[in-house]
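Me: Could you take a close look at one part of this model for me, the surface where the two chains meet, and then walk outward from there into the surroundings? I would enjoy one connected account.

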Protein chains: 2
Amino acid sequence: MNKVHNFSAGPAILPEATIASSVKALQNFSGTGLSILEVSHRSPQFVEVMDRAVHATKEIFSLPEQYEVLFLQGGASTQFLMVAYNLLNKKASYLDTGSWSTKAIKEAKLFGDVQTVASSKSKNFNFIPKDFDVAEDADYFHCTSNNTIFGTQIHHFPSSTVPMVCDMSSDILSREIRADDFGLIYAGAQKNMGPAGVTMVIVDKSLLGRVNRTIPTMMDYNTHISKGSMFNTPPVFSVFATLQTLEWVLQNGGLKEMEKKNFQKADCLYKEIDNNDLFEGTAKKQDRSNMNATFVLKDESLNDKFLKACKEAKISGIKGHRSVGGFRASMYNAMEINSVHALINVMQTFN
Amino acid sequence: MNKVHNFSAGPAILPEATIASSVKALQNFSGTGLSILEVSHRSPQFVEVMDRAVHATKEIFSLPEQYEVLFLQGGASTQFLMVAYNLLNKKASYLDTGSWSTKAIKEAKLFGDVQTVASSKSKNFNFIPKDFDVAEDADYFHCTSNNTIFGTQIHHFPSSTVPMVCDMSSDILSREIRADDFGLIYAGAQKNMGPAGVTMVIVDKSLLGRVNRTIPTMMDYNTHISKGSMFNTPPVFSVFATLQTLEWVLQNGGLKEMEKKNFQKADCLYKEIDNNDLFEGTAKKQDRSNMNATFVLKDESLNDKFLKACKEAKISGIKGHRSVGGFRASMYNAMEINSVHALINVMQTFN
């Protein structure tokens, strides 16, 4: 029990199986006698990795035929741009629920008329706005499913008459979703899926090719679709490690089981936050994230003492983001409930 | 001596020290008790990795003060776009020496008037054009230092009155260069520097901020300069592994020693190609690459037999690119001369 309890918001905890397979591949990848860092992305062994990653994603999300799965570089921040480049012809609607939404809105404005349908900014993004209208003539509606910094999560996606685009960077693979509710989903891998350096995009290809602009080659989803994410050299190792996590999800009951475990972990911790007089949660209860629980000490002067107690209990990555303060416990798929219990134990014995 | 001789064009052979350190970091990164795949990029341990990577690059290239070093995502293919976004105001001059130059030219045309000063396309890019004029009013002159596919290399960079931008993806770190001859250098890591998934950019910052357009956030070099390549989550593991190679270069005599060894390896192999009646080189002798030697069997019907003989000698990645045919031996920094001797031995005993 010497293991560190890794509550980091991202890059974050990954399944032990992902790490173990990655170590093996670094030493001898798929019987090639070479490290995975040294093999051509055109080698049959890596082509198989990419194929398996695409197929595992299709299986996990039960993707309908018209959806394509891509593994790209550049993070969600590049997707803020690519989404607008590829889909924004005249007008788009965005829901503003935190720093990442705000950045996505900023980029989209370079390409057309952007309507912010609602924002929780005035309350430091501590809730998810629910009453808003999406323009029926918008090219798409964009939202962020989970707000790592502010500890909020969309538990019921709005019904949208226009295609819904969703940044799922911090809760992808954490719960069941209906893929066909979405026109495009993107997610940086480094929170719940794999190492930093690869971004998953799931796109209904019927939405592409409708804008009236020339899209630079690397910004065009069709470039990457036509070459199976191998137009240029993909981030080989990050794709390999992501595949290990995708297969781990499948082997451990898929999204249904992930959701169940994630709910249990979050429920335990939120109960402690609510019952412990020293602490309070920062997000509105009904919008609390099952991935990132944000909370503060009512007496802030105890912050350093609490961080020290956490450190002594081998709890890492618990310090809150500067824009919220206090603490943040990120409990991604790979975290076992015993780590949450370890944190609760510190909270209960703290004074 | 059971090791595979890895002649892959990229991703390609890396120093054993890079692989060994990477394995260790995957198991326990810098005493954190966590895998490098699971640690925050804001952790002091990773911030130190990024700092060291920047400083090692500055030391290797003896960079003057005004140069910034960035580690980005998206490969050279994204740099084709970023270079033009950031530097092309009205007109740029490009030298066309192969597939990658051609792609760079295509992207630049989206942003302004692009003059192709010379091209070796009519000879299937088997030489480097030398007599050409760069417009004095061009915003920059762009060239590709080494053409992996065609086995050519610029041995004497042209003198340019406008800033020179160079794609050094396949020969970065392989030889001495005068950094201040260049306004901007970029290189995907996966040939001579590290794993796929990270791209090094060295830029004279005085060239930035001169164009009359709004640059999207992620496409703007100044975004990444202002945040020390951490505007968004960097490709943590790829940067770590690249740092290992950069420090290996420093520990092994720097660029001077790399150049010497690379010349020796290439010289050995080209002598065999020229002296062996069965083979001939495809690139014009004076422009031959010291990184990638391209050659063919005069009797093409023997191709499969030669590949089989290579495989039996544990020589991997020797098949030529489809646009040239025949064979290609990539001999990056980490390749020891004994691997070249192994290939020469197969060539000498082949019939």
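Reply: Gladly; what follows starts at the contact between the chains and then moves to the domains, strands and loops around it.

Please keep in mind that this is a predicted model. The predictor gives the complex an ipTM of 0.97 and a pTM of 0.98. For chain A the average pLDDT is 97, and 99% of the residues score at least 70.

Let's begin with the surface you asked about. On chain A, 46 residues are in contact with 46 residues of chain B. Three helices of chain A each supply at least two residues of that side: helix 1 (16-27), helix 3 (75-87) and helix 6. Helix 1 of chain A gives the most, with five residues. By class, the side of chain A that touches chain B divides into 22 nonpolar, 22 polar and two charged residues.

How do the two copies relate to each other? A turn of 180° with a shift of 0.0 Å along the axis lays chain A on chain B, with an RMSD of 0.0 Å. This is a two-fold axis, because that is the relation such a turn and shift describe. The same surface serves both copies, as 100% of the contact residues of chain A recur in chain B.

One residue that reaches across to the other chain is A:Thr217. Leaving aside neighbours within four places in sequence, A:Thr217 is in contact with B:Glu107 and, in its own chain, with A:Thr223. A:Thr217 is found in the loop between strand 10 (199-204) and helix 5 (221-226) of chain A. Is this residue buried, exposed or partly exposed? With 19 other C-beta atoms within 10 Å, A:Thr217 is partly exposed, and the cut-off for a buried residue is 20 or more. The C-alpha atoms of A:Thr217 and A:Phe231 are 14 residues apart along the chain and separated by 9.5 Å.

Now for the domains. The domain assignment of chain A gives domain 1 (16-251) and domain 2 (254-349). Their centres, taken over C-alpha atoms, are separated by 26 Å. Across the boundary, 22 residues of domain 1 of chain A are in contact with 23 residues of domain 2 of chain A. On the domain 1 side, the elements giving two or more residues are strand 6 (146-147), strand 7 (152-153) and helix 6 (236-251) of chain A. Helix 6 of chain A is thus named twice: it supplies at least two residues to the side that touches chain B, and it gives two or more to the side of domain 1 that touches domain 2. The side of domain 1 that touches domain 2 has eight nonpolar, ten polar and four charged residues.

Next come two strands of chain A. Five of the six residues of strand 3 (residues 91-96) of chain A are buried, so this strand is largely enclosed by the rest of the structure. Strand 3 of chain A runs parallel to strand 4 of chain A, and six bridges join them. In that pairing, A:Ser93 has A:Gln115 of strand 4 as its bridge partner.

Chain B offers a pairing in the other sense. Strand 12 (residues 292-297) and strand 14 of chain B pair antiparallel over four bridges, with B:Phe327 of strand 14 as the bridge partner of B:Phe295. From strand 14 (residues 327-330) of chain B, B:Phe327 and B:Ala329 point one way and B:Arg328 and B:Ser330 the other way, yet all are buried.

Finally, a few backbone details in the loops are worth a look. Most residues other than glycine have a negative phi, and most peptide bonds are trans. The peptide bond from A:Gly10 to A:Pro11 is cis, with omega near -10°, and A:Pro11 is found in the loop between strand 1 (5-6) and helix 1 of chain A. In chain B, a cis peptide bond joins B:Gly10 and B:Pro11, with omega about -10°. B:Pro11 has its place in the loop between strand 1 (5-6) and helix 1 (16-27) of chain B.

Two residues other than glycine have a positive phi: A:Phe125, near 55°, and B:Lys314, about 60°. A:Phe125 lies in the loop between strand 4 (113-119) and strand 5 (141-144) of chain A, and is buried, with 26 other C-beta atoms within 10 Å. B:Lys314 lies in the loop between helix 8 (303-312) and strand 13 (315-316) of chain B, and counts as partly exposed, with 15 C-beta neighbours inside 10 Å.

How values were computed
Residues are numbered from 1 along each chain as its sequence is written. Chains are lettered from A and ligands numbered from 1 in the order in which they are written. This is a predicted model: local features need pLDDT of at least 70, side-chain atom pairs count only at pLDDT 80 or more; totals for chains, interfaces and linings use all residues. Domain bounds come from an automatic or database domain assignment. Two residues are in contact if their C-beta atoms, placed from the backbone, lie within 7 Å. Ala, Val, Leu, Ile, Met, Phe, Trp, Tyr, Cys and Pro count as nonpolar, Asp, Glu, Lys and Arg as charged, and the others, Gly among them, as polar. pLDDT is the predictor's confidence in each residue, from 0 to 100. A residue is buried if 20 or more other C-beta atoms lie within 10 Å of its own, exposed if 12 or fewer, and partly exposed in between; C-beta atoms are placed from the backbone. Two strands pair if DSSP finds at least two bridges between them. Copies are superposed by least squares on the C-alpha atoms of residues with pLDDT of at least 70 in both.
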